[in-house]
Amino acid sequence: MKKTFLLAAGLLFSVSAQAQILDIIKSTVKNQTGIDLSNPKTTPATSTTSPQTPTKNSSSVNLGSLTSTQISSGLKEALNLGVTEGVKKLGVTDGFLKNEAVKILMPEKLRVIDTKLRAFGLGSLADQGVKLLNRAAEDAVTESAPIFTKAITSMTITDAKNILLGGDNSATNYLQSKTQTQLFTAFQPKVKASLGKVGADKVWTQLISKYNTLTGNAVSTDLNEYVTNETINGVFKMVAEKESGIRNNSVMRTTSILQKVFGAQDGK
């Protein structure tokens, strides 16, 4: 019994001593830091997950909430922006010539002329011929914006959602397939005038004549048709580039309709 009493007393002393030590620690911490360990404040748990960078899907709109008219308006808006910016970039000196994506080269059927003229030491004449083709395109394209805008405005998109959910250049490809012939007819006179304005027609007459004399051949081509097609294709390449940017980069969606329509496309 005596042993039990002594053991209990020892335990009580130990607990008391620990309590005193704990009180001393609490008092010291409170004096040094102002933190009361007897009444600790709980702080909300912080997530250890690193913040995620928002993606283009973060604010997507339900595609089903858009009408075909809204989608069509968004697609046309993107195409109009592409035309406006594309014409601005192409309609300056070297806009075609120094842009490898749209630079107009020697017509395929006349590329043998380039080789032959250079072989005969007439490379400068060949270079001048190519340069003037591009100068004609740069001059003519400045008047093309209204023609493209009219084509876009009159475009009817019956399968707007399919085009929206298609590839990066779906709207551009659709427009080109539907309007290439009309654009060619409307734009060709402007190209013809530009070929004469920059002197490309005279240089090419001289170039082909020189080749025919040197080789005994009788090569000819319709430069007006060739440059018209190449100029139109150049503009469409710029439009496709803009469309792709709007589809894949929310920063390029500078109007509410673009944000709404292509935001919905993000969540497809």
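**Exercise 1. Determine the handedness of the crossing of H3 and H8, then describe the geometry and composition of their contact.**

*Solution.* The crossing of H3 and H8 is left-handed. The model is a predicted one, and the exercises below concern that model.

Step 1. Establish the geometry. Helix H3 spans residues 111-119 and helix H8 spans residues 200-215; the two pack at an angle of about 70°, and their axes lie 10 Å apart. H3 is therefore roughly perpendicular to H8, since angles of 65 to 115 degrees fall in that class.

Step 2. List the residues. From H3, the contact involves Val112, Ile113, Lys116 and Leu117. These meet Leu207, Ile208, Lys210, Tyr211, Leu214 and Thr215 of H8.

Step 3. Classify them. Seven residues of the contact of H3 with H8 are nonpolar, one is polar and two are charged.

**Exercise 2. Describe how H4 packs against H7, and state which residues form the contact.**

*Solution.*

Step 1. Helix H4 (residues 123-141) packs with helix H7 (residues 170-197) at an angle of about 130°, and the separation of their axes is 8 Å.

Step 2. Assign the class. An angle over 145 degrees would count as roughly antiparallel, and 65 to 115 as roughly perpendicular. H4 and H7 are therefore oblique to each other.

Step 3. Give the handedness. The crossing of H4 past H7 is right-handed.

Step 4. Identify the contact. H4 contributes Leu133, Ala136, Asp139, Ala140 and Val141. H7 contributes Phe187, Lys190, Val191, Ser194, Leu195 and Lys197. The residues of this contact divide into seven nonpolar, one polar and three charged.

**Exercise 3. Characterise the environment of Ala136 and of Thr231.**

*Solution.*

Step 1. Ala136 is placed in helix H4. Its relative accessible area is 0%, so Ala136 is buried, the cut-off being under 20%.

Step 2. Leaving aside neighbours within four places in sequence, Ala136 is in contact with Ser194, Leu195 and Val198. Ser194 and Leu195 belong to the H7 side of the contact of H4 with H7. Ala136 and Lys192 are 56 residues apart along the chain, and their C-alpha atoms are separated by 8.4 Å.

Step 3. Thr231 lies in helix H9, which covers residues 223-248. Thr231 also has a relative accessible area of 0% and is therefore buried.

Step 4. Not counting residues up to four places away in sequence, Thr231 touches Phe96, Ile104, Ala137, Val141 and Phe187. Val141 and Phe187 both take part in the contact of H4 with H7. Between the C-alpha atoms of Thr231 and Phe187, which are 44 residues apart along the chain, the separation is 9.3 Å.

**Exercise 4. Locate Asn212 and Gln265, and decide for each whether the residue is buried or exposed.**

*Solution.*

Step 1. Asn212 is found in helix H8. With 17% relative accessibility, Asn212 counts as buried, since the value is under 20%.

Step 2. Apart from neighbours within four places in sequence, Asn212 is in contact with Asn217, Ala218 and Val219.

Step 3. Gln265 has its place in helix H10 (residues 256-266). Its relative accessibility of 5% means that Gln265 is buried.

Step 4. Gln265 and Leu63 are 202 residues apart in sequence, whereas their C-alpha atoms are 6.9 Å apart in space.

**Exercise 5. State what is notable about the phi of Asp94, and where Asp94 lies.**

*Solution.*

Step 1. Most residues other than glycine have a negative phi.

Step 2. Asp94 is not a glycine, yet its phi is positive, at about 75°.

Step 3. Asp94 is located in the loop between helix H2 (68-90) and H3. Its relative accessibility is 23%, so Asp94 counts as partly exposed.

**Exercise 6. Summarise the overall secondary structure, burial and contact pattern of the protein.**

*Solution.*

Step 1. The protein has 10 helices and zero strands. Its elements, read from the N terminus, run α-α-α-α-α-α-α-α-α-α.

Step 2. Of the 268 residues in the protein, 37% are buried. The exposed area is about 15800 Å², of which carbon and sulfur atoms supply 55%.

Step 3. Consider contacts between residues at least 6 apart in sequence: 82% of them join residues at least 24 apart.

Technical notes
Residues are numbered from 1 along each chain as its sequence is written. This is a predicted model: local features need pLDDT of at least 70, side-chain atom pairs count only at pLDDT 80 or more; totals for chains, interfaces and linings use all residues. Side-chain values use heavy atoms; hydrogens and water are left out. Axes are lines fitted to C-alpha atoms, for helices over the stretch in contact, and angles run from 0 to 180 degrees between N-to-C directions. Helices (H or I, at least four residues) and strands (E, at least two) are DSSP runs, numbered from the N terminus. Angles under 35 degrees count as roughly parallel, over 145 as roughly antiparallel, 65 to 115 as roughly perpendicular and the rest as oblique. A crossing is left-handed if the near helix is turned anticlockwise from the far one by less than a right angle, and right-handed if clockwise. Contact means heavy atoms within 4.5 Å. Ala, Val, Leu, Ile, Met, Phe, Trp, Tyr, Cys and Pro count as nonpolar, Asp, Glu, Lys and Arg as charged, and the others, Gly among them, as polar. Buried means under 20% relative accessible area, exposed over 50%, partly exposed in between (1.4 Å probe, protein chains only). Accessible areas come from the Shrake-Rupley method with a 1.4 Å probe; for residues, only the protein chains shown count as cover.
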